[in-house]
Amino acid sequence: MRTVCMLNSGEVHVWCARPEEVGGEADGRRLLAADELERAARYRFECDKRMAVATRVLLRTVLSRYEAVAPSDWRFFVERYGRPVIADGRSSLRFSLSKTEGLIACAVARTVDLGVDVECLRRRAPLEVADHFFAPAEVAALRALPEPVRQGRFFDYWTLKESYVKARGLGLTLPLQKFSIVLDEGSPRIEIDPSLGDDGALWQLVQLKPTQEHVLSLCVRRRGRQDVKVVLRWHPDTALPAPVNS
Ligand SMILES: CC(C)(COP(=O)(O)OP(=O)(O)OC[C@H]1O[C@@H](n2cnc3c(N)ncnc32)[C@H](O)[C@@H]1OP(=O)(O)O)[C@@H](O)C(=O)NCCC(=O)NCCS
C-alpha cells in the first residue's frame with residue numbers, strides 16, 4: 001500500500017471536505033466497521049445518517065494517506081468520555097473530527113492531543129446559550145459587542161471552547177465556565193481556572209475560515225515554545241495544500 005503524505009511531529013494537517021464529495025452509502029458499506037454503520041443507522045433523518053457515514057469515510061481515507069493501512073482496516077477504540085482513538089497501537093497518529101452543515105473536518109497530528117470544531121455561519125447564533133455555558137469574561141466580552149458582530153463572535157467562542165473540550169477528551173464533564181477564550185490582538189488564547197489542573201500556555205489555538213460560510217477552530221497541545229505548523233488541505237485534494245502559519 002502506498003502512503004502519500006508526510007506528517008512531521010511539529011505539524012497538524014486539517015482536512016476539510018464537502019459532505020457530498022466524500023463517499024456515499026456504497027463507500028460506507030465497503031469501508032466502515034459494523035459498529036460505525038449501526039451508529040449511523042440510528043440517526044432519524046437521512047441527512048444525518050449520510051453525514052455520519054461521510055465523516056467516517058473521510059477519517060479512514062485521511063488516515064490511510066499517512067500509514068500503509070487500508071482504509072477499511074483501521075480499528076478504533078472509544079475512550080471513557082467518548083473520544084475515538086486508533087486501536088491496537090497501530091499508529092502514532094491522533095485525530096479529531098467535526099461536522100456541520102456543508103462541511104466535515106478531520107485534523108491529524110503525531111502523538112499530541114488535538115481537537116477540531118466547525119460551525120456553519122448561516123445558522124442563527126443561539127446567544128442565550130452563552131449566558132448559561134460561557135465563562136463570565138466571555139459573556140461580558142460578547143455583551144459589549146454590537147448585535148451583528150456578536151453573532152459571528154459567538155461562533156468564534158463556541159468552536160474554540162469545543163476544540164479545547166475535544167482536545168482534552170473529557171466531553172462535557174469539563175465545566176465550560178471554568179476556562180475562558182481570550183480574543184484580542186494576535187492568536188486566540190485560553191485561560192484556565194487552576195481547579196482544572198491545566199495550564200493555558202500548554203495549548204495552541206488556531207482559527208481558520210475554510211469557506212465564506214464556515215468557521216473552524218483547532219486546539220493542539222504544544223510540544224515546546226515553537227508554534228505547531230497548521231496546514232489546511234481539501235479532500236479530494238485537487239489543489240495544493242495551503243500553509244496557514246509557519
Ligand atoms: C460530542 C462532543 C465531543 C461534540 O459534539 P458536536 O459538536 O455536537 O459534534 P461534532 O460533529 O463537532 O463532533 C463529533 C465528533 O467528536 C468526537 N468526539 C466524541 N466524543 C468526544 C470526546 N469526549 N472527546 C473528543 N472528541 C470526541 C467524535 O469523533 C465525533 O465524531 P464521530 O461520532 O463520527 O466519531 C461534545 O463536546 C458535545 O456533546 N458537545 C455539545 C455541544 C456543546 O455543548 N458545546 C459546548 C461548547 S461551548
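This is a short talk on the ligand in this structure and on the two largest pockets of the protein.

Before the details, please keep in mind that the model is predicted.

I will begin with the ligand. The shell around the ligand is made of 21 residues, and R56, Y81, S98, E162 and K166 are the closest of them. Sorted by class, that shell holds eight nonpolar, eight charged and five polar residues.

Which elements supply the shell? At least two residues each come from α3, which runs over 46-63, from β4, at 93-100, and from α6, at 147-168. The element that gives the most is α6, with five residues.

Now the polar atoms. The side chain of S98 has an N or O atom 2.7 Å from an oxygen atom of the ligand. At K99 the backbone takes part: a polar backbone atom there is 3.0 Å from an oxygen atom of the ligand. The third case is G171, where a backbone N or O atom lies 3.5 Å from a nitrogen atom of the ligand. As for area, the ligand taken alone exposes 910 Å², and the protein buries 77% of that.

Next, the pockets. In general, empty space is found by rolling a probe the size of a water molecule over the atoms. Where does the ligand sit in these terms? The space taken by the ligand is the largest pocket.

That largest pocket has a volume of about 760 Å³. Its lining has 30 residues, and those closest to the centre are G82, P84, L97, K99 and K166. Two or more lining residues come from each of α2 (34-41), α3, β4, β6 (114-120) and α6. Here β4 gives the most, with six residues. By class, the lining divides into 14 nonpolar, nine charged and seven polar residues.

K166 therefore deserves a second look on the screen, if you are following along. Let me put that more plainly: K166 is among the residues closest to the ligand, and K166 is also among those closest to the centre of the largest pocket.

The last item is the second largest pocket, with a volume of about 370 Å³. Which residues lie nearest its centre? They are E46, K49, R50, M51 and V53, out of 18 that line this pocket. The elements giving two or more residues to this lining are α1 (25-31), α2 and α3. Of these, α3 gives the most, with seven residues. The lining has nine nonpolar, six charged and three polar residues.

Methods. Residues numbered from 1 in each chain as written. Predicted model: local features only at pLDDT ≥ 70, side-chain atom pairs only at ≥ 80, totals over all residues. Heavy atoms only, no water. Near = heavy atom within 4 Å. Polar contact = N/O pair within 3.5 Å; in protein donor to acceptor, adjacent residues only side chain to side chain. Areas by Shrake-Rupley, 256 points an atom, 1.4 Å probe, with all protein chains shown as cover. 1 Å grid on protein atoms, 1.4 Å probe; cavity = no way out; pocket = protein on both sides within 12 Å on 5 of 7 lines; lining within 4 Å. Sits in = over half its atoms within 2 Å of the grid points. Helix = DSSP H or I, 4+ residues; strand = E, 2+ residues; numbered from the N terminus. Nonpolar A, V, L, I, M, F, W, Y, C, P; charged D, E, K, R; others polar. Points joined across faces, edges and corners; volume = space filled by probe spheres on them.
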